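Please open the model in a viewer that allows selection by residue number. The tour below proceeds from one selection to the next and states what is found at each stop.

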Amino acid sequence: MLNTIFKQGLFNEKVALITGGGTGIGLRTARELAQLGATVILAGRKLENLNKGVAIIEKEGGKAHTVVCNIREEESVRSCIEKSLELCGTIDFLVNNAGGQFPSPSEMIPRKGWNAVIETNLSGTFFITQEVFNKVFEKKGGTVVNVIANMWKGFPMMSHTGAARAGVDNLTKSLAVEWAKYGVRINAVAPGTIRSSGLETYDPAFKQVIEEFGKKNYAGRMGTEEEVAAAIVFLLSPAAAYITGETLKADGGEWLYSHLIAPEEHGKMAEWKD
Ligand code: ADE
């Protein structure tokens, strides 16, 4: 059994679509939702990761499906929602967790890399949310949680993702206002420095910078995938019925505490490799 403070059966009959659901925070969220009774659809680019996620959830007694989806591509998003509806008949929850970025001094970010990050983290998030709204939520309402980042003081060395996540923070408010009349709630979670599977994709010098930075918050440690998932599950739950257009920081107070990664550390961070 997973650690959860929510009551068993809370999400019986609910269907949750989680982008980037095969790994990290997305998978941890999917596991918790499934344990609480939801049927989860793991969406992502790599079927192998999605299948591994489904195997974990099924072993825990949950119901899970996979849909291969690249949120950067219009046709892929359209067919992802179509397949989800074929599989489960409806969607109640959308967790926009898929994202990607790479460290680089801003003056060296190539257009292709910039566009890739914006198209995934900002545009991909917008267009899959729009598709779910048009196909499902417009008629029956629904709940969305966007996963963003601690970019409140900028995001040096990853300016592209900072700009994209700030965009999603703002989008969260616009959509919450526009779609409230359809019964849609939309919120965001802004994780701080999390010990997630994504950390392992960074090169060792950069990872070390993150390890040190991860202590600079009022918990004195990095957060866990479980702690971020709990915030997402809370915002999806009836406990958050009166909350919309809000961004919940799950960061140990990092945004209040910390200085940004010091400029003298920037040289240790990897550069974009095409
Ligand atoms: N995870 C990271 N990038 C993604 C993308 N473009 N589509 C779906 N999941 C992703």
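**Central strands**

Begin with β5 and β6, which run parallel and are joined by 6 bridges. Helices (H or I, at least four residues) and strands (E, at least two) are DSSP runs, numbered from the N terminus. The model is a predicted one, in which local features need pLDDT of at least 70 and side-chain atom pairs count only at pLDDT 80 or more, whereas totals for chains, interfaces and linings use all residues. Residues are numbered from 1 along each chain as its sequence is written, and side-chain values use heavy atoms, with hydrogens and water left out.

Select Val145 next: its bridge partner in β6 is Asn187. On β4, Val95 stands opposite Val145 in β5. Strands β4 (residues 93-96) and β5 (residues 142-147) run parallel and are joined by 4 bridges.

Now colour β6 by accessibility. Of its 8 residues, 8 are buried, where buried means under 20% relative accessible area, exposed over 50%, and partly exposed in between (1.4 Å probe, protein chains only). One side of β6 presents Val184, Ile186, Ala188 and Ala190, and the other Arg185, Asn187, Val189 and Pro191; both faces are covered.

**The whole sheet**

Extend the selection to the open sheet of 7 strands, which has the order β3-β2-β1-β4-β5-β6-β9 and parallel pairing. Its edge strands, β3 and β9 (247-250), each pair on one side only. On average, neighbouring strands of this sheet are turned by 20° against each other, direction ignored. Two strands are taken to pair if DSSP finds at least two bridges between them. In general, strands of a sheet pair through backbone hydrogen bonds, either parallel or antiparallel.

**Helices across the sheet**

Select helix α2 (residues 47-59), which lies across β2 and β3 and runs at about 175° to β3. Helix α4 lies across β1, β4, β5 and β6 (184-191), running at about 175° to β4. For these angles, axes are lines fitted to C-alpha atoms, for helices over the stretch in contact, and the angles run from 0 to 180 degrees between N-to-C directions. Contact means heavy atoms within 4.5 Å.

Move to helix α1 (residues 24-35). Its end C-alpha atoms are 17 Å apart, which agrees with the 16 Å that its 12 residues should span at 1.5 Å a residue. The expected span of a helix is 1.5 Å times one less than its number of residues. Because 11 of the 12 residues of α1 are buried, this helix is largely enclosed by the rest of the structure; among the buried residues are Arg28 and Glu32. Just after α1, Gly37 takes a positive phi of about 110°.

Helix α3 (residues 74-88) comes next. Its 15 residues should span 21 Å, and its end C-alpha atoms are 21 Å apart, in agreement. Display Ser76, Val77, Ser79, Cys80, Ile81 and Ser84, which are buried. The buried residues of α3 pack against β1 (15-19), β2 (39-44), β3 (63-68) and α4 (111-140). Just after α3, Gly89 takes a positive phi of about 85°.

In α5, the 21 residues should span 30 Å, and the end C-alpha atoms are 30 Å apart, which agrees. Its buried residues, including His160, Arg165, Asp169 and Trp179, pack against α4, β5, β6 and β9.

**Aromatic rings**

Which pairs of rings should be displayed last? The structure holds 6 aromatic pairs, where rings of Phe, Tyr and Trp (its six-membered ring) pair if their centres lie within 6.5 Å; planes under 30 degrees apart count as stacked, over 60 as edge-to-face and the rest as tilted. The rings of Phe133 and Trp179 have their centres 4.1 Å apart and their planes at 10°, so this pair is stacked. Phe133 lies in helix α4 and Trp179 in helix α5 (residues 159-179), so the pair ties together parts that are 46 residues apart in sequence. Phe133 is buried, with a relative accessible area of 5%, and Trp179 is buried, with a relative accessible area of 8%.

The rings of Tyr202 and Phe206 have their centres 4.5 Å apart and their planes at 75°, so this pair is edge-to-face. Both Tyr202 and Phe206 are buried. Add Tyr182 to the selection: Phe133, Trp179 and Tyr182 form one aromatic cluster.

Finish at Lys249, which lies over the face of Trp152, at 4.7 Å from the ring centre. The charged end of Lys249 also sits over the ring of Trp255, 4.2 Å from its centre. A charge sits over a ring if NZ of Lys or CZ of Arg is within 6 Å of the ring centre and within 35 degrees of the ring normal.
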